[in-house]
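Here is a short, friendly tour of one protein model. Have the viewer open, and follow along from the backbone to the helix pairs.

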Amino acid sequence: MDVVVVIMVVVLVLALVIGGVFVGLAIRKSIRQARVREAISAYGWQTDPNPSLERVAGLALPPFDMGFGRWLSKTIVGTASNGTPFQAFQYRHTVPPFNARVAMIALPKAFPELYVSTDRDRHRRIGVRAAKVNLDPRWEPVLEAAGDADFATALLSPPVLDALAQWAVDSPAGRGFDLSVDGANLVAVGAPTTDEPDELKVFVDRLAQVAAMIDWEALARFAIEPKSPRLGFRGTDWQWLPQSQGPVAQFAGIGPVGTGQNPTSNDIVTGTHRGIGFTGFQYQWQTTRTYTTHVNNMTQVHTQTITHHQPVLALRLPAPVPTLTIARGKQPYALRVGPVQPTPFPAFDAMFDVWSSHPQFLADVLTEQLASWFLHWKPSLVIMTGSTVITFPAEHTPPTLWASLDFVCAFCDQIPERVWQTVGSPRPGLRPSVSAPAELAEPDGFVEPEGIVGQA
């Protein structure tokens, strides 16, 4: 037989085998999905193919009310065997990273923070800082609790602890539970997935049984005000939006904002810091480049689309001020107004370039104290223009945003009182600096502004 024919036959057989494998896998997946849908329907549950983040807007404890890139998917709504309504969904955020299945049951009132977990060495959640609650040695081998001690003592009665301990013992390896009382909700992190409806039913039935054992009305003395539904950050008045064109229009012409193709802003945070309003966001835009390749005497023209990102932070001032830019080194986003202006401080001039639309304003702002402050912190770029102070942080994360805001507020603190009188504005009413909430704290400690403020 001709060698070419043999090769063709072998290739055809391999293609049929590989194709058969893929078809078989596709059929198997389709059958499994059909069984999952049948099970969900048999339990009387419903799925929500396009769940809104409004479902979690009333939650305030980790993993909620923190992080960027928040996403909700694979939502199921139904009732447990005892008739208790529940919802379950996949929840994730990217900064910091979290991705887990969550189930929750609504409570009659909002109650203080409390966690109960089978996970003695670590929590599945990032950002839990609540104090440990000491349990009786009888339950300590299998349970761990943290939160409001008085509320925990009242809620975790011996029958409830017995039920939780039995649930922990009955759970398969690696399938414990991580519960929290989050306002007016009993939340369980680590529930089985949508693709495991039978396991999910067992899980939510146990959760509903525990909830039913607790006399919530008897705990009414611990009730607190529920959180106003919003997507924000616990311990602050900050609000978060996944995406918006608003900042693109508002800050067009500042740095890269408004340039490029398909411009947008992501992970927008608005609120106040030390009493001053701000907006922080990740600006995203695209550019294209064309290049030519030559292969086997053939010329091909290629077009590549490149996506760019730049964090932007703008602090609102009480009144408009002349434009002033202070830049360390070559900063592409420096707002240059006329030539570089010298200052009375040679060491400062050796490190920074300064531009201003109003030389007297520059002279009034840049005191010897402020020049020394800049030499100490070495920020990359600070711009005052209109009614804003603007910086371009090296990254857009909640801890960096807090640290960058601390820096910009500290800059405003250095500006003499007479400057605000000159522009006809009261001095910004900056409140005293406070430590970042646990959910916004830098995991490895504070990073100085040289590493977080300015063009990366």
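In which loop is the place of Pro63? Pro63 sits in the loop between strand E1 (46–48) and strand E2 (71–79). Strands here are DSSP runs of E with at least two residues, helices are runs of H or I with at least four, and both are numbered from the N terminus.

Before going further, please note that this is a predicted model, in which local features need pLDDT of at least 70 and side-chain atom pairs count only at pLDDT 80 or more, while totals for chains, interfaces and linings use all residues. Residues are numbered from 1 along each chain as its sequence is written, and side-chain values use heavy atoms, with hydrogens and water left out.

**Overall picture**

The protein chain has eleven helices and 13 strands. Of its 456 residues, 47% are buried; buried means under 20% relative accessible area, exposed over 50%, and partly exposed in between, with a 1.4 Å probe and protein chains only. Among contacts (heavy atoms within 4.5 Å) with a separation of 6 or more, 68% join residues 24 or more positions apart.

**Backbone details**

Most residues other than glycine have a negative phi, and most peptide bonds are trans. The table lists the exceptions described here.

| Site | Feature | Angle | Location |
|---|---|---|---|
| Pro62 and Pro63 | cis peptide bond | omega about 10 degrees | Pro63: loop between E1 and E2 |
| Val95 and Pro96 | cis peptide bond | omega about 0 degrees | Pro96: loop between E3 (85–93) and E4 (98–117) |
| Lys74 | positive phi | phi near 50 degrees | strand E2 |
| Lys378 | positive phi | phi near 55 degrees | loop between H8 and E13 (381–391) |

Lys74 is exposed, at 51% relative accessible area, whereas Lys378 is partly exposed, at 26%. Lys378 also leads to Met351 in helix H6 (residues 346–351): the two are 27 residues apart in sequence, and their C-alpha atoms are 8.5 Å apart. Beyond its neighbours within four places in sequence, Met351 touches Ala327, Arg328, Gly329, Leu375 and Lys378. Met351 is partly exposed, with a value of 28%.

**Two helix pairs**

Two packed helices are described by the angle between their axes and the distance between the axes. Axes are lines fitted to C-alpha atoms, for helices over the stretch in contact, and angles run from 0 to 180 degrees between N-to-C directions.

Helix H8 (residues 368–377) packs on helix H9 (residues 398–414) at about 160 degrees, with the axes 10 Å apart. This makes H8 roughly antiparallel to H9, a label for angles over 145 degrees. On the H8 side, Gln369, Leu370, Trp373, Phe374 and Trp377 take part, facing Phe407, Ala410, Phe411 and Gln414 of H9. By class, this contact has seven nonpolar, two polar and no charged residues.

Helix H3 (residues 158–170) and helix H4 (residues 197–213) pack at about 170 degrees, with axes 9 Å apart, and are therefore roughly antiparallel too. The residues from H4 are Phe203, Arg206, Leu207, Val210 and Met213, and those from H3 include Leu164, Trp167 and Asp170.

**Cysteines**

How many disulfides does the structure hold? There are zero, taking a disulfide as a pair of cysteine sulfur atoms within 2.5 Å. The cysteine sulfur nearest to that of Cys409 belongs to Cys412, 6.3 Å away. Cys409 is buried at 0% relative accessible area, and Cys412 is buried at 3%.

Terms used:
Parallel < 35°, antiparallel > 145°, perpendicular 65-115°, else oblique. Nonpolar A, V, L, I, M, F, W, Y, C, P; charged D, E, K, R; others polar.
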